[in-house]
There are 2 protein chains.
Amino acid sequence: MDYTIRAATLEDCKDIYRMIMELAKHEKVSDQVKIAQRDLVQDGFSKNPFFQSIIAEVPEQHRSSKDGHSKVGFALYFFAYSSWKGRSVYMEDLYVMPEYRGKGIGKALMSKIAQLGLAAGCNQLNFAVLNWNKESMDFYLSQGCWDVTTGLGYHCMRCEGPALEDLARGDPKN
Amino acid sequence: MDYTIRAATLEDCKDIYRMIMELAKHEKVSDQVKIAQRDLVQDGFSKNPFFQSIIAEVPEQHRSSKDGHSKVGFALYFFAYSSWKGRSVYMEDLYVMPEYRGKGIGKALMSKIAQLGLAAGCNQLNFAVLNWNKESMDFYLSQGCWDVTTGLGYHCMRCEGPALEDLARGDPKN
């Protein structure tokens, strides 16, 4: 099937948001999505964007059987830094609508991020995967990625909500 | 002990690099540091920096007993994005020289990053910790942070070196 991979524009925010919600539903955490479509507009397409995005699009005749979507996949990424290895690119999301899987679109999106990363002088592509999502884990391992949590013992840590406000005030409670 | 926390400047790169090497040595991975001081200059202090940094500095009379350093701690961070929660700040490094620990400097550096994150509209502070580093893990937990790897099953994944080049070419080998 023909498809194109291109940089997302402001006009794609509606579809990116739709697919973020589809992905969250697939990961069984749709109640965890706190952003709205307008946040994507503001955070991704203003002067100093917090993320960048690429879109996979199919031609008219291959629109999705349900609702007729032509934007069928996306990836969201941003540039990051490792104090050991230097510039890196972080892939926050990679999603292809179920109907369009198995056609190389996910691989093409990820390949594009690798290209963009290398072009920007990055040495690493980093991302997170949920340990129950064996299908995704197997896909990433097949692409030459390795598990830093298992391999080096990296744990992802987070501070948010009232704990983040307490920390900012210099008054952390536990 | 008096100390100040301030944004790093180009002139701090020498000390940031020194402390990155000290931290890597503490984490038993100094051979893993592939960047040079000039990379910090280029990547952190050019027009579109890949990271930002803050420095902890002590007055003249409290210079370090070895080598007389007054820049005794630093944190390196960048802005990131969660497609569920929106803007976030990522703390790549947090380090205080051993001689200056237990005086609240690490907590003050981390608090400053939380302040900068909240001021930029971030909802989360994220970072990674090595699972054998119980001292750091306990510190972070005491600051109201939680372990996303243990709690949600997040695994950090990485693609680098020849695998990243293969991926960019659309020709991943495993």
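The exercises below work through how two chains fit together in a predicted model.

Residues are numbered from 1 along each chain as its sequence is written, while chains are lettered from A and ligands numbered from 1 in the order in which they are written. Because the model is predicted, local features need pLDDT of at least 70 and side-chain atom pairs count only at pLDDT 80 or more, whereas totals for chains, interfaces and linings use all residues.

**Exercise 1. The interface**

Task: State how many residues of chain A are in contact with chain B, and to which classes they belong.

Solution. Two residues are in contact if their C-beta atoms, placed from the backbone, lie within 7 Å. By that rule, 69 residues of chain A touch 69 residues of chain B. On the side of chain A, these residues are 37 nonpolar, 19 polar and 13 charged. Here Ala, Val, Leu, Ile, Met, Phe, Trp, Tyr, Cys and Pro count as nonpolar, Asp, Glu, Lys and Arg as charged, and the others, Gly among them, as polar.

**Exercise 2. The relation of the copies**

Task: Find which turn and shift lay chain A on chain B.

Solution. The copies are superposed by least squares on the C-alpha atoms of residues with pLDDT of at least 70 in both. A turn of 180° with a shift of 0.0 Å along the axis lays chain A on chain B with an RMSD of 0.0 Å. The two copies are therefore related as by a two-fold rotation axis. The same surface serves both copies, as 100% of the contact residues of chain A recur in chain B.

**Exercise 3. A sheet with strands from both chains**

Task: Give the strand order of the sheet that holds β7(A), and explain why one side of each edge strand lacks a neighbour.

Solution. Helices (H or I, at least four residues) and strands (E, at least two) are DSSP runs, numbered from the N terminus. Two strands pair if DSSP finds at least two bridges between them.

1. The open sheet has seven strands in the order β1(B)-β2(B)-β3(B)-β4(B)-β5(B)-β7(A)-β6(B), with mixed pairing.
2. At the edges stand β1 (4–7) and β6 of chain B; each has a single partner strand, so one side of each is left without a neighbour in the sheet.
3. Seven bridges join β7(A) to β5 (residues 124–130) of chain B, and the two run antiparallel. In this pair, C159(A) stands opposite L125(B).
4. Helix α6 (residues 161–169) of chain A packs on the sheet, touching β7 of chain A together with β5 of chain B, and its direction makes about 80° with that of β7(A). Axes are lines fitted to C-alpha atoms, for helices over the stretch in contact, and angles run from 0 to 180 degrees between N-to-C directions.
5. β7 (residues 154–160) of chain A also pairs with β6 (residues 146–147) of chain B, antiparallel over two bridges. There M157(A) stands opposite D147(B).

**Exercise 4. A helix pair across the chains**

Task: Describe how α3(A) and α6(B) cross, and name the residues that make the contact.

Solution. The axes of α3 (residues 105–119) of chain A and α6 (residues 161–168) of chain B come within 7 Å and cross at roughly 120°. That makes α3(A) oblique to α6(B); angles under 35 degrees count as roughly parallel, over 145 as roughly antiparallel, 65 to 115 as roughly perpendicular and the rest as oblique. From α3(A), the contact uses M110(A), S111(A), A114(A), Q115(A) and L118(A); from α6(B), it uses L164(B), E165(B), L167(B) and A168(B). These residues divide into six nonpolar, two polar and one charged.
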